[in-house]
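Here is a friendly briefing to keep beside the structure as you look around. Please have the sequence and the 3D view open together.

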Amino acid sequence: MRVIAQRVALFLSPSCAIGKLKLPRVLNSDDTVVTHETKELKSFIQRVCYIFRHAFIMSDSKCPVPPPSIVRGMTILDRSAFKAYMNVPGLPVPVKSINAFNKKFKASLCKITKLKPIVLLAESDELHQTHRLFLLDPNLYKTQNDFSSLQQDMLKEIGVDIRSLRLYPLELGYDNWNVSEIMEAVLPEGTSNISGFSTIGHIAHFNLKPEVLKYKHLIGQVVMDKNTVVKTVVNKLSIIDNTFRNFQMELLAGEENYITRVKENGLTFEFDFSKVYWNPRLGTEHMRIIDSLGCEDVLYDVFAGVGPFSVPAAKKGVTVLANDLNSHSYKSLQNNVKLNKVKGSIECYNLDGREFIKTVVKDHLCKTWKKCVDNETKTNIVLTMNLPALAVEFLDSFVGLLADVEDHDFIVSEWVTMPKVNCYGFSKSDDPKKDMTDRVVAVLGSGILHSLNIRRVRNVAPNKDMLCATFTLNRDVLLDQQHQVLHEGPPAKQLKMEKAAV
Ligand SMILES: C[S@@+](CC[C@H](N)C(=O)[O-])C[C@H]1O[C@@H](n2cnc3c(N)ncnc32)[C@H](O)[C@@H]1O
């Protein structure tokens, strides 16, 4: 089971360092949207990938012999110290029967990282010219008696003489152990093994526990050695506590190059990981929102980052207005629009979220609705507000948003559809859904309750959830003249950020 899981993880993993296959795509190469069934399947595969990647990324074939005990406590990597010797059972197989043997005994071969289980026999051996030696799993075969009678018949048929089973001496080195095995041998006994890492393009990203920090450079080097895609290894230095949600990070190994490219939902995103926010665990959430949008819809992405909601939505044909206060995110967002050859309508802004809502969204909303009334058509309008530590506080921007719009009678037209908001938040409460409901209602009033749905997105830390509150704004909120000024929040730069890990 474990072996199957490992194989599945390696082949399907979206950002697995070793994975060679491309991420399952939501959009076809000709940019048309794939069928519902295919999308569902792909979404399912992505979820499976995520689970397997995080469970098994550190795994590989398990070596029957551990690295030598002298490596315990090593802080500066000395690859030459990793040496061990063992004997494995070897069975000479006639050259002409290699394929047949391989087919039948593939699962029984000796599986050690970077070891080919077929070797030449010594020149002095009388079978040197005619046979090759297959190395077998020492846990399965020790003597001839370990072959079942069925296997014995099969081997006889292809000309393999089990009486020639012998022991083959192996010298193992640094290459023959995987990251987990090396860490288990190096770190002090009793230390729980280092947790898995995320890969963001060529960057491997750790969140190391204090007890292993002494070994951080060795860990970085080993991860680079064992994953050819990884060129930079970093450790998260602190919890995310700045406005732009990017990590403070320390280089552990490799080049100090944080400009990276990743694939998510079939599109490419390029950014400087040290300056912007990117979380490889949000791919499914992004896809969920994108899938819910129709190509005639309008999306206002208030905290757009480098564009994981906005770029795929625009690619799909949605009219997008995307915003981020971080100038590095804004530039990457613009670049990602070009990189993905988005031909649809997308406008990018570099404003505080509150200002974006009160100016850009307000103007666009009015123009869109006037058009709807004139043309007697309806347009779905969706907002995404993914800044979980603070987004709820920005909801006050909607209170009385349209109160000063002249002739705002159009707002009551049957052709006007109220905007649907997806507002993200964290909660540490015992009842996170109630907590989120209370916070949203405190800002927008109980009038939104009938449309309010709170969904748990993921668990970000023990006792801390990320949630998504989805609700429809109503006319009372948008026209509320009384509260327009009272609910005004502080400018973004003065906001004291709640210390929160993402
Ligand atoms: C958690 S990230 C989400 C990014 C992206 N939407 C995603 O799903 O990956 C929040 C984003 O909000 C931006 N941000 C923080 N404060 C902001 C503000 N006051 N106004 C606009 N954007 C802000 C940050 O720069 C960051 O890119």
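The points below start with the whole chain and then go through some of its parts. Keep in mind that this is a predicted model. The chain has 13 helices and 17 strands, and 39% of its 502 residues count as buried. Among contacts between residues at least 6 apart in sequence, 71% join residues at least 24 apart.

**Helix α9**

- Helix α9 covers residues 327-339, which makes 13 residues. At 1.5 Å a residue it should span 18 Å, and its end C-alpha atoms are indeed 18 Å apart, so expectation and model agree.
- Which residues of α9 are buried? They are Ser329, Tyr330, Ser332, Leu333, Asn336 and Val337.
- Looking down the axis of α9, you will find these buried residues within an arc of 165 degrees, so they line one face of the helix.
- That spacing has a simple background: an α-helix has 3.6 residues a turn, so residues three or four places apart point the same way.
- On the face of α9 turned away from the buried side sit the exposed residues Ser327 and Lys338.
- What do the buried residues of α9 pack against? Their partners are β10 (267-272), α8 (310-316), β12 (319-323) and β13 (346-349).
- Just after α9 comes Lys341, with a positive phi of about 50 degrees.

**Positions listed in UniProt**

- An unreviewed UniProt entry lists His286, Asp324, Leu325, Asp352, Gly353 and Asn386 under "binding site".
- Two of these listed positions, Asp324 and Leu325, can be found in the loop between β12 and α9.
- Asp324 counts as buried because 30 other C-beta atoms lie within 10 Å, where the cut-off for a buried residue is 20 or more.
- Leu325 is buried as well, with 22 other C-beta atoms within 10 Å.
- Leaving aside residues up to four places away in sequence, Asp324 touches Phe303, Ala304, Gly305, Ser329, Tyr330, Leu333 and Asn350. Ser329, Tyr330 and Leu333 also appear among the buried residues of α9.

**Strands and their pairing**

- In what order do the strands of the four-stranded open sheet come? The order is β2-β3-β1-β4, with antiparallel pairing.
- The edges of this sheet are β2 (118-119) and β4 (166-173), each of which pairs on one side only.
- Strand β1 (residues 83-94) runs antiparallel to β4, and eight bridges join the two. To find this pairing in the view, look for Met86, whose bridge partner in β4 is Leu170.
- As a reading aid for such sheets, the side chains of a regular strand alternate between the two faces.
- Elsewhere in the briefing you met β10, one of the elements that α9 packs against. Strand β9 (residues 259-264) pairs with β10 in the antiparallel sense over six bridges, and Thr260 has Phe271 in β10 as its bridge partner.
- β9 and β10 form a hairpin with two residues between them, and Asn265 in the turn has a positive phi of about 50 degrees.

**Lys216 in helix α6**

- Lys216 belongs to helix α6, which covers residues 216-226.
- Is Lys216 buried, exposed or partly exposed? With 18 other C-beta atoms within 10 Å, Lys216 is partly exposed.
- Its contacts are Leu208, Asn235 and Leu252, not counting residues up to four places away in sequence.
- Lys216 and Val233 are 17 residues apart in sequence, and their C-alpha atoms are 9.8 Å apart in space.

**Two loop residues with positive phi**

- A word of background first: most residues other than glycine have a negative phi.
- Glu376 has a positive phi, near 55 degrees. Where is Glu376 found? Its place is in the loop between α10 (353-375) and β14 (381-385).
- With 9 other C-beta atoms within 10 Å, Glu376 is exposed.
- Asn463 also has a positive phi, near 65 degrees, and is found in the loop between β16 (453-461) and β17 (464-472).
- Asn463 is exposed, having 11 other C-beta atoms within 10 Å.

Methods
Residues are numbered from 1 along each chain as its sequence is written. This is a predicted model: local features need pLDDT of at least 70, side-chain atom pairs count only at pLDDT 80 or more; totals for chains, interfaces and linings use all residues. The expected span of a helix is 1.5 Å times one less than its number of residues. A residue is buried if 20 or more other C-beta atoms lie within 10 Å of its own, exposed if 12 or fewer, and partly exposed in between; C-beta atoms are placed from the backbone. The arc is that of the directions from the helix axis to the C-beta atoms. Two residues are in contact if their C-beta atoms, placed from the backbone, lie within 7 Å. UniProt positions are given in the numbering used here, feature names are shortened, and annotations may be inferred rather than shown by experiment. Two strands pair if DSSP finds at least two bridges between them.
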